[in-house]
Amino acid sequence: MKRLISANPSEIVQMSGADLKQSILESEGRVVLSENVAFREAFVGDLTNAEIARAFGADLILLNGVDLFAPTISGMNAQSDNFVTDLRSLVACPIGVNLEPVDSSHISSAEKEGITEGRRATVASLAKAEELGFDFICLTGNPGSGVSNQTIKEILQEAKRRFSGLIIAGKMHGAGIGEVLMTPDLAEEFLAAGADIILVPAVGTVPALSETDMRAIVDRVHRRGGLVMSAIGTSQESSDPDTIKAIALQNKICGVDIQHIGDAGYGGLAPVENIYTLSKAIRGIRHTVSRMARSIRR
């Protein structure tokens, strides 16, 4: 299987979930995932956030805040019945979506109304994600969403049955619940329930999660055949490039397979210079230029 960081777009869009997982593994910790809020007007108003992120070095695109039953993708003028197909035709890279396993006991009725059915991780939304052809889903929670590790674990088996792409699971921050975000044992439970990739807050983004903690999680997950994604989901994605570089190198030392950069910038996208900085820090200018310059027609 060709490394994701070296593959042409025509090869990437043909990959199955298993192919994509192996391609990420063989890229040896040099894969960049950019999360963006799809419904916000992008930094450049007549483009999608996905196109901008792809142009500055992202290998994978994760959409946040999308209602799968009533989607709004800013910057897409003409839309067919399948916005995932339309968006993939613009960026020619794997596309995923956040689905939130809300724990009703930890969220108020007012907050609950703000998280529409199409954003929640339910049987219906999982089936819709499969129908739309997403390459991966991410079971996680936005700030204050009341997503717990228990509800993530509960929905994982259903996700494995109903979705054929890759499944990422974990929390980038508390999401409104004070609990330990990830441990080796919890990671193993998520893998056993159906996760392919374990999401862990990047070292340097949440209090008290150290390089030692991350390394223990990575080692356990790799021994069990899974992958690990570190996530900058605490608005530090809008910090200065030196901060991004420091976080990137810390987490690469720990052995993570994918480095995520969040959506807390203008228009619901990390500042483009920070996507570029993250890419350059973990794989150098050659592979960064390769991703940025490689035509989607190849």
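## Exercises on cysteines, a core and a bent helix

Cys 254 is buried, at a relative accessible area of 3% (buried is under 20%, exposed over 50% and partly exposed in between, with a 1.4 Å probe and protein chains only). The model is predicted, so local features need pLDDT of at least 70 and side-chain atom pairs pLDDT 80 or more, while totals for chains, interfaces and linings use all residues. Residues are numbered from 1 along each chain as its sequence is written, and side-chain values use heavy atoms, with hydrogens and water left out.

**Exercise 1. Find how many disulfides the whole structure has, then look at Cys 138 and Cys 254.**

Step 1. Apply the cut-off: a disulfide is a pair of cysteine sulfur atoms within 2.5 Å. The search of the whole structure returns zero.

Step 2. Take Cys 138, which is in no disulfide: the nearest cysteine sulfur belongs to Cys 93, 16 Å away. Cys 138 is buried, with 0% relative accessibility.

Step 3. For Cys 254, also in no disulfide, the nearest cysteine sulfur is that of Cys 138, at 19 Å.

**Exercise 2. Which residues have the most contacts inside the largest nonpolar core, and which helix gives the most to it?**

Step 1. Set up the core: buried Ala, Val, Leu, Ile, Met, Phe, Trp, Tyr and Cys residues are joined through side-chain atoms within 4.5 Å. A useful background rule is that nonpolar side chains in soluble globular proteins tend to be buried together.

Step 2. The largest core holds 71 residues, and Leu 63, Phe 134, Ile 137 and Leu 139 have the most contacts inside it. Helix 8 contributes the most, with five residues (helices are DSSP runs of H or I with at least four residues, strands are runs of E with at least two, and both are numbered from the N terminus).

Step 3. A second, separate core has 22 residues, including Ile 5, Leu 60, Ile 168 and Ile 258.

**Exercise 3. Work out what surrounds Phe 134 and how it pairs with another ring.**

Step 1. Leave aside neighbours within four places in sequence; among the residues in contact with Phe 134 are then Leu 63, Phe 83, Val 97 and Phe 163 (contact means heavy atoms within 4.5 Å).

Step 2. Test the rings: those of Phe, Tyr and Trp (its six-membered ring) pair if their centres lie within 6.5 Å, and planes under 30 degrees apart are stacked, over 60 edge-to-face, and the rest tilted. The count is one aromatic pair. Phe 83 and Phe 134 form it, with 5.9 Å between centres and 70 degrees between planes, so the pair is edge-to-face.

Step 3. Place the partners: Phe 83 is in helix 4 and Phe 134 in the loop between helix 6 and strand 4, 51 residues apart. Phe 83 is buried at 3% relative accessibility, and Phe 134 is buried at 5%.

**Exercise 4. Where is the kink in helix 7, and what covers its buried residues?**

Step 1. Check the span: helix 7 (residues 149-162) has 14 residues and reaches 20 Å from first to last C-alpha, close to the 20 Å expected (1.5 Å times one less than the number of residues).

Step 2. Find the bend, the angle between axes fitted to the seven residues ending at a residue and the seven starting there. The kink of about 30 degrees is centred on Leu 156.

Step 3. Leu 156 is also one of the buried residues of helix 7, which include Ile 152, Ile 155 and Ala 159. Their cover includes helix 6, strand 4, strand 5 and helix 8.
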